Amino acid sequence: MKIKLLILALCLFAGNAFAQKTYQNNWESIDSRPVPGWFEDAKFGIFIHWGLYSVPAYSPTARDKVGVYDRYAEWYWRRWQEPNKTQHFFTDFHNKAFGPNVKYQDFTHQFKAELFQPDEWAKLFENAGAKYVVLTSKHHEGFTLWPSKQSWNWNAVDVGPHRDLLGDLTKSVKSKNIKMGYYYSLLEWYNPLYKKETLNEYIDQHMFPQMKDLVNTYHPDLVWTDGEWDYTSDKLRSTEFLSWLYNDSPVRASVVVNDRWGKETRSKHGGFYTTEYDLVHNGDANGLDFAKPWEECRGIAGSFGYNRSENLEDYSTSEQLVHMLINKVARGGNLLLNIGPTADGRIPVIMQQRLTDIGSWLKVNGEGIYGTRKWAKAPKVTPATKQYFTQKGNDLYLITTEFPTTALQVAGVKKPVSVTLVGSNVPIKSTFKNGVLSIAPPAVTPGNSPCEYAWVFKLTSSTE
């Protein structure tokens, strides 16, 4: 009994120490805060890009021979209004679809979300196996999905849907015990205060009040900032906000943040690190080892906002998405997979189908994904990798994205107590010799296979 009481006291002390530590207004102090453990355990989240750009819902695609960042439909206003290499696509489309006299602000009349059913969205996310959701509270256009006082007549309650879209979805998502977070753009393309000469006014009168309102009103589990590339973090006063978030906010002990807080901060400062379509600002992230928890974000197709010009060939298959999730998790990361709802509030059926397929795979194999960590002895992941590893405690999971037709060889493990195929009662034969485990292909047929796309072997008590 005394030992149990001592352990309880130590746990309480550790929890209080984490919550009560005071973080200073500098990166050395801010970066010393650990990323709360729920984030690394979660592994799979849903990103949602939804805003006025969901009305035109257009961008060129890979078929138009444009780059990754040029396929984003949520950039419609900027690409259409300002000179750039893709402007002609947007000008031609806008004139044809809406006419040259229609302004971006006019899209508020068509962004009605009349078919938005937040409980149905939350149920889909739950069935997909997602453990957290990140919604665009405000993208670079400045339009907010909650009744922000700083965006008067430019938010979803004052105009358009006349509804607190963010608040309604938050309630539904949290009712499913799924973590809820908010994307927030630090920049606004056409806010008159967002310029070098008046940046402090923008921060004091607009940005900080909005961000604190989001936190104080909706208590997010995650704050996902973006649009940080115009100014350094000292100009954006990012550590000033983060020290408030970590010291004084209602979510100070549990909130998670990313690394987009100034043009110099990605993969350097903040909370978890981010990649985007396997890219970071300094190049290709494939095979990169991160010193902190990290997350890959991307769309199911080429855009984050809904893009009506995308067709089937632009979308990743369910198999590709499951393999993508496995790849990120085996390398120690999370996958934040984006959906782009329509202006009337529907999640496109193809996106629902992809999420449902991922969820079906996770229902069988989730123990090899959730709560796992990268195996330190795993072979380096390359584009040709077909066998991945995750670890949970002393158990090792071998995940193969091709059904084995020859024996699987695993080096660097001790002899396991048992080898099983997750989700199946089919006996697995294995041998262990000279430090190498050999797993015979299981006698699985289409009739008794536990799943599609990838198969997980559990090596019980095989690591030290």
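Two strands count as paired if DSSP finds at least two bridges between them. I start my notebook with that rule, since I looked up a lot of strand pairs. The model I have open is a predicted one.

**Entry 1: the three-strand sheet**

I tried the rule on β14 and β17 (residues 436-439) first. 4 bridges join β14 to β17, and the two run antiparallel. I picked out one pair: Ala411 has Val436 in β17 as its bridge partner.

Then I asked myself in what order the strands of this open sheet come. I read it off as β14-β17-β16, 3 strands with antiparallel pairing. At the edges sit β14 (408-411) and β16 (430-433), and each of them pairs on one side only. I also looked up the turn between neighbouring strands here, which is 20° on average, direction ignored.

**Entry 2: the five-strand sheet**

Next I went to another open sheet, with 5 strands in the order β11-β12-β13-β18-β15. The pairing in this sheet is antiparallel. Its edge strands are β11 and β15 (418-421), each pairing on one side only.

I walked along it from the β11 end. β11 (residues 373-374) is joined to β12 (residues 387-392) by 2 bridges, and they run antiparallel. Arg373 has Gln391 in β12 as its bridge partner.

From β12 I stepped over to β13 (residues 395-400): 6 bridges join these two, again running antiparallel. Lys392 finds its bridge partner in Asp395 of β13. β12 and β13 make a hairpin with 2 residues between the strands. I checked the backbone there and found that Gly393 takes a positive phi near 65°.

One more step took me to β18 (residues 455-460), which is joined to β13 by 5 bridges and runs antiparallel to β13. In this pair, Tyr397 stands opposite Lys458 of β18.

Before leaving, I looked for a helix against this sheet. Helix α11 lies across β11, β12 and β13, and it runs at about 55° to β12. I kept α11 in mind for the next entry.

**Entry 3: strand β10 and its neighbours**

How many residues of β10 are buried? I counted 7 of 7 in β10 (residues 333-339), so the strand is mostly covered, with buried meaning under 20% relative accessible area. I then sorted the residues by direction. Gly333, Leu335, Leu337 and Ile339 point one way, while Asn334, Leu336 and Asn338 point the other way. Both sets are buried.

I looked up who pairs with β10. β1 (residues 44-48) is joined to it by 5 bridges, and the two strands run parallel. In that pair, Ile46 has Leu337 as its bridge partner. β9 (residues 294-299) is joined to β10 by 6 bridges, also running parallel. Here I found Glu295 standing opposite Asn334 in β10.

How does the chain get from β9 to β10? I traced it through helix α11 (residues 318-330), and this β-α-β crossover is right-handed. That is the α11 I had just seen lying across β11, β12 and β13.

**Entry 4: two helices crossing**

Two packed helices are described by the angle between their axes and the distance between the axes. I looked up both for α6 (residues 118-127) and α7 (residues 165-175). Their axes come within 8 Å and cross at roughly 40°.

Why do I call them oblique? Angles under 35 degrees count as roughly parallel and 65 to 115 as roughly perpendicular. The crossing at roughly 40° fits neither group, so α6 and α7 are oblique to each other. α6 passes α7 in a right-handed crossing.

I noted the residues that touch, too. From α6 these are Pro118, Asp119, Trp121, Ala122 and Phe125, and they meet Asp168, Leu169, Ser172 and Val173 in α7.

**Entry 5: two residues with positive phi**

Last, I looked at two residues that are not glycine but have a positive phi. Lys43 has a phi of about 70°. I found Lys43 in the loop between α3 (37-42) and β1. Is Lys43 buried or exposed? Its relative accessibility is 1%, so Lys43 counts as buried.

Arg237 has a phi near 55°. This residue sits in the loop between α9 (233-236) and α10 (238-247). Arg237 has 17% relative accessibility, and because the cut-off is under 20%, I put Arg237 down as buried.

Note on methods:
Residues numbered from 1 in each chain as written. Predicted model: local features only at pLDDT ≥ 70, side-chain atom pairs only at ≥ 80, totals over all residues. Heavy atoms only, no water. Buried < 20%, exposed > 50% of the residue type's maximum accessible area, 1.4 Å probe, protein only. Right-handed = clockwise from strand over helix to strand, strands pointing away. Axes fitted to C-alpha atoms, helices over the stretch in contact; angles between N-to-C directions. Parallel < 35°, antiparallel > 145°, perpendicular 65-115°, else oblique. Left-handed = near helix turned anticlockwise from the far one by under 90°. Contact = heavy atoms within 4.5 Å.
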